[in-house]
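Dear colleague,

Here is the structure for your files. My notes on one residue and two helix pairs follow below.

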Amino acid sequence: MALAFGSSVTLSQYSLNFSSSRFRHRFASRQWLNSNHVSVGSHRFEGINSRCSITNTDVHFNHVATESETQEESSAVGPECSVPIVHLTSNILETESLSLLTGDTYVDSLLTTLPVLSKEEQHTLAATPAHPMGLYALYASCLAGNLVEQFWNFAWPSAIALIYPSLLPVALMGFVSKLAIIAGGPIVGTLMDHLPRVPAYNCLNIIQAAAQLLSAAMIIRAHSVPPSASSLLIRPWFIVLVLSGAVERLSGVALGVAAERDWVVQLAGVNRPIALAQANAILSRIDLLSEIAGASLFGILISKYDPVTCLKFATCLMVWSLPFAVFLTCLTNKLSSGVLDRPKCSQTCCRTSAEGPLLDTNNIVDKGVEVIKLGWKEYLQQPVLPASLAYVLLYFNVVLTPGSLMTAYLTQSGLNPSIIGGFSGLCAFMGVAATFVSASLVRRLGILKAGAAGLIIQASLLTVAVAVYCSRSASQQSPLLFFLCLIVLSRLGHMSYDVVAAQILQTGIPPSKVNIIGTTEVAVASLAESAMLGVAIIANDVSHFGFLAMLSLLSVIAAAWMFCRWLLNPTDEQRSLFSFDARC
């Protein structure tokens, strides 16, 4: 700091001009200060020089003015300009300001009153959710919604397969649903960001339930009328079914993103990593257990009753669960002291500054296109791109999984519905087991080798499964059952890599780009799945199932090869990101 004194100015008539990069403050003293005051202030500050320090100061004493100059400058300012002038008096300096810093007592008391947590207390705090009762209500809400959703995901392909002996309707519905997610995902996400959480979530619940009820009504209608010789694609009930199915899937994806990416963070606490990890694991297990229960329940029902009765039971389940889910959603916010309510200032700012663009459809579409372009650019430049591409390649496997195409194929093959439901339930159970196996693999092999092990296990078991399927005869049931058992075991490797890949991407992607890269990855995965469903639409006959199985196997092998090649040829950036993995 520099101090300059004019020759005609005494020490008692001065004002200090503090100047920084943006602001300029003037302090004019109307009191006579003598050297005694300065010495007293210096003496009093000497007591805390050993404990206090000032860093990164940008204060310059570059001008000294007389009192008359200060008055002239003040009078020169127009009445429309208000310049704050602070007058310092000597009695304030003596009695009030400096009295706070007398001796070491103030600093000592300040340091002793700050709470310091031990490591055990810090661990306990990190493992304690911020709103535990709100989390329990969220778990119950997700359980109610996921149970109905998984039940319906298993019911509709089975019911359609009993009407039309082909993979075409199931593949076409899946294809249109993926296109709806790719095109409508960014728009729905933008609306969710600008709307209050609880009303938007309840609105999506109502839309999803209405779409499910409409789809069930169309399938019941198709079962009630005699089969027609006209093409399936031009039947009114099928067109409505395809559109309602796309709306149902888009609503389901938006609900899942809101609960797993936003709500759980608010309830568990963003600064409580252990509690957040435990909440994520519980949500994953709820989803997998709901898949087991939904598939098993429909398998038992379809083995004892006709499809129309099972669909009517599904509609009753939808109607019953909707008010229960809405009530639990509101209860979640109430038990968490309204933490899910967005601040009013942010809502008003969003509405006043962005109300026009939200209501302008063309603007929404243009913004959606810009977000997609930016997402693709960031996605291709991420440091862990091979791991993400391997994850996307697994979505080409739409046949050797417990999905809609496999359900339709097994139904048309004449397999017992209880066996079909048991197959889907065992696959989901393997997913639950993978959440525990993946932790052991990471501990033994390291995160990258654990991912490679999961992919190799899946590719090896699916290779044997496809070989068994191609060598069997159409009349034999035992090879088909062995084929399904191998697929069940392969899910252990698939879900293990799914868990490990999430941690790899969390470690490798910069925090500022997690959301845009993550949503783009979901869109790319949906695009890959829709491409494979397009192939299934062309080869929709049941006799072409072996060809589709071979394509699915090649995608899994390509994913394993890509990841292992990336693992064997690590870059410097990879070594810095995964330096804790000594085996890389």
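**A buried glutamate and two helix pairs**

Glu291 is buried (under 20% relative accessible area with a 1.4 Å probe, protein chains only) but forms no salt bridge, meaning a side-chain nitrogen of Lys or Arg within 4 Å of a carboxyl oxygen of Asp or Glu. Arg491 has the nearest side chain of opposite charge, 6.1 Å away; Lys and Arg count as positive, Asp and Glu as negative, and His and the chain ends are not counted.

This is a predicted model, in which local features need pLDDT of at least 70 and side-chain atom pairs pLDDT 80 or more, while totals for chains, interfaces and linings use all residues. Residues are numbered from 1 along each chain as its sequence is written, and side-chain values use heavy atoms, without hydrogens and water.

Glu291 belongs to helix H10 (residues 273-304); helices are DSSP runs of H or I, at least four residues, numbered from the N terminus. Beyond its neighbours within four places in sequence, Glu291 contacts Gln150, Pro402, Ser424 and Ala428 (contact: heavy atoms within 4.5 Å).

Helices H14 (residues 385-393) and H20 (residues 545-568) pack at about 170°, axes 8 Å apart. Axes are lines fitted to C-alpha atoms over the stretch in contact, and angles run from 0 to 180 degrees between N-to-C directions. H14 is therefore roughly antiparallel to H20 (over 145 degrees). Their contact includes Leu389 of H14 and Trp566 of H20. By class, it has ten nonpolar, one polar and no charged residues; Ala, Val, Leu, Ile, Met, Phe, Trp, Tyr, Cys and Pro count as nonpolar, Asp, Glu, Lys and Arg as charged, and the others, Gly among them, as polar.

Regards

How values were computed: Helix = DSSP H or I, 4+ residues; strand = E, 2+ residues; numbered from the N terminus. Buried < 20%, exposed > 50% of the residue type's maximum accessible area, 1.4 Å probe, protein only. Parallel < 35°, antiparallel > 145°, perpendicular 65-115°, else oblique.
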